[in-house]
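Welcome! Open the viewer, get comfortable, and follow along one selection at a time.

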Amino acid sequence: MTGIEARAREAADRIAASDATGLNAVVAFDRSVLMRQASDVASGAASPPLAGLAVGVKDNICTLDYPTTCASRILQDYRSPYEATAVTRLRQAGALIACKTNLDEFAMGSSTEYSIFGRTRHPEAPERVAGGSSGGSVALVAAGAADAALGSETGGSVRQPAAFCGVVGLKPTYGRVSRYGLIAFGSSLDQIGVAARTVEVAGRVVSAISGRDPNDATCADLPPLMLSDPPADLRGFTIGIPREYFPDDLDRGVRTACARAVDRIRDAGAAVREVSLPHTPLAIPAYYVIAPAEASSNLARYDGVRYGLRVAPERGGVHAMYRATRGTGFGPEVRRRIIIGTYVLSAGYYQAFYAKAIAARSLIAGDFQQLFRDGIDLLFGPTTPTTAFKAGAKTADPVAMYLSDAFVCPTNLAGLPAVSVPLGRAAGLPVGGQLIAPLFDEAKLLAAASVLERCLEPQQDIA
Amino acid sequence: MTRVTREEIERIAQLARLDVDSRTMAELTTQIAQILRYVSQLDGVESTGGEISPSWIEAPTIPPPRGGDITGIDLPPQLAAMAPAFRDGFFLVPRLEGLDEE
């Protein structure tokens with residue numbers, strides 16, 4: 001058995017073991033598939049850059065070896081006829097597609113509680129959520145069962161669970177990674193992201209999956225991301241601290257962890273300035289108009305005709321079939337968002353909601369651009385307002401759930417790259433802080449994140 | 001403030017081709033009203049009439065859009081290769097019973 005095959009067997013054992021603990025991060029896994037991939041990589045002549053890296057894939061990203069369900073009844077047995085560009089590139093780089101991971105249905109959620117497979121538990125505190133919607137991918141990495149995992153962000157769905165679970169969560173610039181094969185939720189927001197235990201591994205994975213793709217018209221016409229060795233310190237960097245990300249009601253533990261991180265940033269040689277992103281309060285309202293609007297269009301294809309669930313009433317013809325299929329196939333959060341999206345795009349409400357939301361989006365993006373033009377290299381702030389909340393705490397109150405994305409969704413609206421790194425612990429639970437960079441400046445982002453990561457003790461209880 | 005009625009949500013559900021049972025409809029109406037009240041914070045934003053402002057896409061290093069060249073991809077053979085069942089340019093699906101009733 002080669003080294004790669006041995007690593008694959010260990011990964012398979014870890015994935016099986018994580019399942020046995022009730023983590024519920026994995027929705028599809030076949031040991032023989034993993035071992036076959038390892039054999040293929042091991043028998044190859046070249047030494048590819050991600051050789052043997054076991055990578056989980058969120059189950060809204062199309063794969064050939066496993067179904068792609070989006071954790072939805074409407075796609076419960078769906079087998080994609082093609083695989084996502086990101087998955088193809090992972091395989092070409094020698095990575096092993098370890099399994100498919102759990103998510104909130106169609107990536108709509110912030111807790112991985114809205115899944116037909118049941119919720120993913122927090123790997124250290126099972127009564128709490130892992131975050132979402134990429135909770136399965138993140139929990140798998142946090143539990144040590146995979147080396148990395150692909151997730152997706154529309155409104156913070158890699159960074160938020162990464163902060164909750166104490167791992168690195170990277171969201172590339174919109175257009176950095178092809179969306180071909182990422183099942184669409186909000187097409188102007190969706191982006192494949194990466195969860196890993198270190199910035200270095202997250203960077204290597206994004207490098208491997210990035211770059212132009214003729215199959216995705218929104219993918220930037222750029223070569224794959226190239227990353228250099230990180231600097232020794234942060235001298236020459238100017239880091240902005242947005243005051244709007246430190247409201248009075250910010251969790252005390254999160255505030256303390258971020259304050260300590262800011263001290264470390266200064267100690268590393270960076271200049272630190274308080275700055276303002278004045279339109280931040282508009283981000284969640286704008287997001288919860290734009291994303292549902294786009295979702296209402298993207299999910300119109302699930303009609304029971306060509307693929308997926310079909311519920312055919314005895315009477316009423318094809319339209320009754322559409323309504324019954326969709327009414328049965330979609331869960332409560334997806335249904336809410338389709339209704340909201342259809343409402344805000346409907347005659348009489350378009351100007352009141354959608355037109356204002358996209359105007360707000362421009363203002364939010366403009367806030368970031370102004371700071372970067374004014375000499376700020378990167379922004380730093382908390383990833384989430386709190387640590388991981390208890391399961392069931394927010395499912396009865398949709399707006400309360402949405403507010404957990406207050407600090408992450410502005411960057412999705414602006415298309416910017418951002419990374420959450422673990423800062424430490426508050427009352428035993430992980431706290432994440434995020435760096436935000438200008439468009440397509442992942443190199444600067446990850447360089448600073450690497451330095452910050454070296455300066456922190458993520459396991460230390462500091463509040 | 002946006003007032004949302006059950007009848008309005010029923011109409012929207014029809015537009016969205018979504019069956020919602022009557023028990024769920026009451027709760028859904030309450031939740032949608034709550035969400036719309038929340039997003040009404042956008043009321044004070046000056047709308048551009050639905051036009052996307054250039055500042056959204058402005059960036060110093062953003063690459064130019066790709067060219068719009070038509071490369072002459074022969075689409076049907078690709079679809080035929082991907083589809084579970086495909087014949088004469090049509091996807092074959094399980095028969096839709098009761099189609100004639102519409």
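## Where the chains meet

Start by selecting the two chains of this predicted model: 69 residues of chain A are in contact with 55 residues of chain B. Between them, chain A and chain B bury about 5,200 Å², with 66% of that on carbon and sulfur atoms. Now pick out Arg323(A), Ile339(A) and Tyr343(A), which lose the most area to chain B in chain A, together 13% of what that side buries.

Keep Arg323(A) selected and add Asp19(B). These two form a salt bridge, their closest N and O atoms 3.5 Å apart, and the rule finds one salt bridge across this interface. Next, colour helix 11 (350-373) of chain A. With 15 residues, helix 11 gives the most to the side of chain A that touches chain B. That side divides into 44 nonpolar, 10 polar and 15 charged residues.

## Inside chain A

Move on to helix 10 of chain A and select Glu333(A) and Arg337(A), four residues apart, about one turn of the helix. Their salt bridge brings the closest N and O atoms to 2.6 Å, and both residues are buried. Add Arg336(A) to see the network that salt bridges with shared partners make of these three.

For the last stop, select Asp147(A) and Arg7(A), a salt bridge with closest N and O atoms 3.7 Å apart. Asp147(A) lies in the loop between helix 4 (135-142) and strand 4 (148-153), and Arg7(A) in helix 1 (residues 3-20), so the pair ties together parts 140 residues apart in sequence. Is Asp147(A) buried or exposed? At 18% relative accessibility, Asp147(A) counts as buried, while Arg7(A) is partly exposed at 35%.

Methods:
Residues are numbered from 1 along each chain as its sequence is written. Chains are lettered from A and ligands numbered from 1 in the order in which they are written. This is a predicted model: local features need pLDDT of at least 70, side-chain atom pairs count only at pLDDT 80 or more; totals for chains, interfaces and linings use all residues. Side-chain values use heavy atoms; hydrogens and water are left out. Contact means heavy atoms within 4.5 Å. Buried area is the accessible area (1.4 Å probe) that two parts lose on being put together, summed over both. A salt bridge is a side-chain nitrogen of Lys or Arg within 4 Å of a carboxyl oxygen of Asp or Glu. Helices (H or I, at least four residues) and strands (E, at least two) are DSSP runs, numbered from the N terminus. Ala, Val, Leu, Ile, Met, Phe, Trp, Tyr, Cys and Pro count as nonpolar, Asp, Glu, Lys and Arg as charged, and the others, Gly among them, as polar. Buried means under 20% relative accessible area, exposed over 50%, partly exposed in between (1.4 Å probe, protein chains only).
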